[in-house]
Amino acid sequence: MGSGLSSGSNRMAIAAMSHVVAFDKDELLKMQKEFHKIAKKQGNPNTVSREEFAQALKIVGVRESDKEILDRLFTLVDELGDNEINFKEFITGIAPIVRGT
């Protein structure tokens, strides 16, 4: 999947994540696949940049064009503060916004 994990490890990580966020395993696997398609377009293939963030949000049904709102959301979700968001940061940061948990 391009995440740096073996297939078995990735499935275990997704299963664990599904217990923390309000997405089931199948949803998470589909979102991860789409996330990595976006991430591979430039820079690190496992993370999205500020420029790719709006496109990644579309994966979970968020359509936002206001640059200031996108910048604030990105900063909120970027737990490491490295100006890149990995899949775990993305899902755990966005799930409460789109699913309320």
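Helices here are DSSP runs of H or I with at least four residues, numbered from the N terminus. With that in hand, welcome to a few close-up views of this predicted model.

**View 1. Asp-26 sits in helix 2.** Helix 2 covers residues 25–39, and Asp-26 is found in this helix. Is Asp-26 buried or exposed? Its relative accessible area is 54%, and over 50% counts as exposed, so Asp-26 is exposed. If you also pick out Ile-91, you will find the two residues 65 apart in sequence. In space, the C-alpha atoms of Asp-26 and Ile-91 are 14 Å apart.

**View 2. Helix 3 crosses helix 4.** Two packed helices are described by the angle between their axes and the distance between the axes. For helix 3 (residues 50–57) and helix 4, the axes come within 10 Å and cross at roughly 95 degrees. Angles of 65 to 115 degrees count as roughly perpendicular, and that is therefore how helix 3 and helix 4 lie to each other. Which residues meet here? From helix 3 come Arg-50, Phe-53, Ala-54 and Leu-57. Their partners in helix 4 are Leu-70, Asp-71, Leu-73, Phe-74, Thr-75 and Val-77. Sorted by character, the residues of this contact are seven nonpolar, one polar and two charged.

**View 3. Aromatic rings pair up, Phe-35 with Phe-90 among them.** How many aromatic pairs does a search of the whole structure find? The search finds four. In one of them, the rings of Phe-35 and Phe-90 have centres 5.4 Å apart and planes at 40 degrees, so this pair is tilted. Phe-35 belongs to helix 2 and Phe-90 to helix 5 (residues 87–99), so the pair ties together parts that are 55 residues apart in sequence. Both Phe-35 and Phe-90 are buried.

**View 4. Phe-90 also pairs with Phe-53.** Here the ring centres of Phe-53 and Phe-90 are 6.5 Å apart and the planes stand at 90 degrees, so the pair is edge-to-face. Distant parts of the chain are linked again, with Phe-53 in helix 3 and Phe-90 in helix 5, 37 residues apart. Phe-53 is buried, as is Phe-90. Step back a little and you can follow ring pairs that link Phe-35, Phe-53, Phe-74, Phe-87 and Phe-90 into a cluster.

**View 5. Asn-83 lies in a loop.** The loop runs between helix 4 (67–77) and strand 2 (85–86). Look at the backbone of Asn-83: its phi is near 60 degrees, a positive value in a residue other than glycine. With a relative accessible area of 43%, Asn-83 is partly exposed.

Conventions:
Residues are numbered from 1 along each chain as its sequence is written. This is a predicted model: local features need pLDDT of at least 70, side-chain atom pairs count only at pLDDT 80 or more; totals for chains, interfaces and linings use all residues. Side-chain values use heavy atoms; hydrogens and water are left out. Helices (H or I, at least four residues) and strands (E, at least two) are DSSP runs, numbered from the N terminus. Buried means under 20% relative accessible area, exposed over 50%, partly exposed in between (1.4 Å probe, protein chains only). Axes are lines fitted to C-alpha atoms, for helices over the stretch in contact, and angles run from 0 to 180 degrees between N-to-C directions. Angles under 35 degrees count as roughly parallel, over 145 as roughly antiparallel, 65 to 115 as roughly perpendicular and the rest as oblique. Contact means heavy atoms within 4.5 Å. Ala, Val, Leu, Ile, Met, Phe, Trp, Tyr, Cys and Pro count as nonpolar, Asp, Glu, Lys and Arg as charged, and the others, Gly among them, as polar. Rings of Phe, Tyr and Trp (its six-membered ring) pair if their centres lie within 6.5 Å; planes under 30 degrees apart count as stacked, over 60 as edge-to-face and the rest as tilted.
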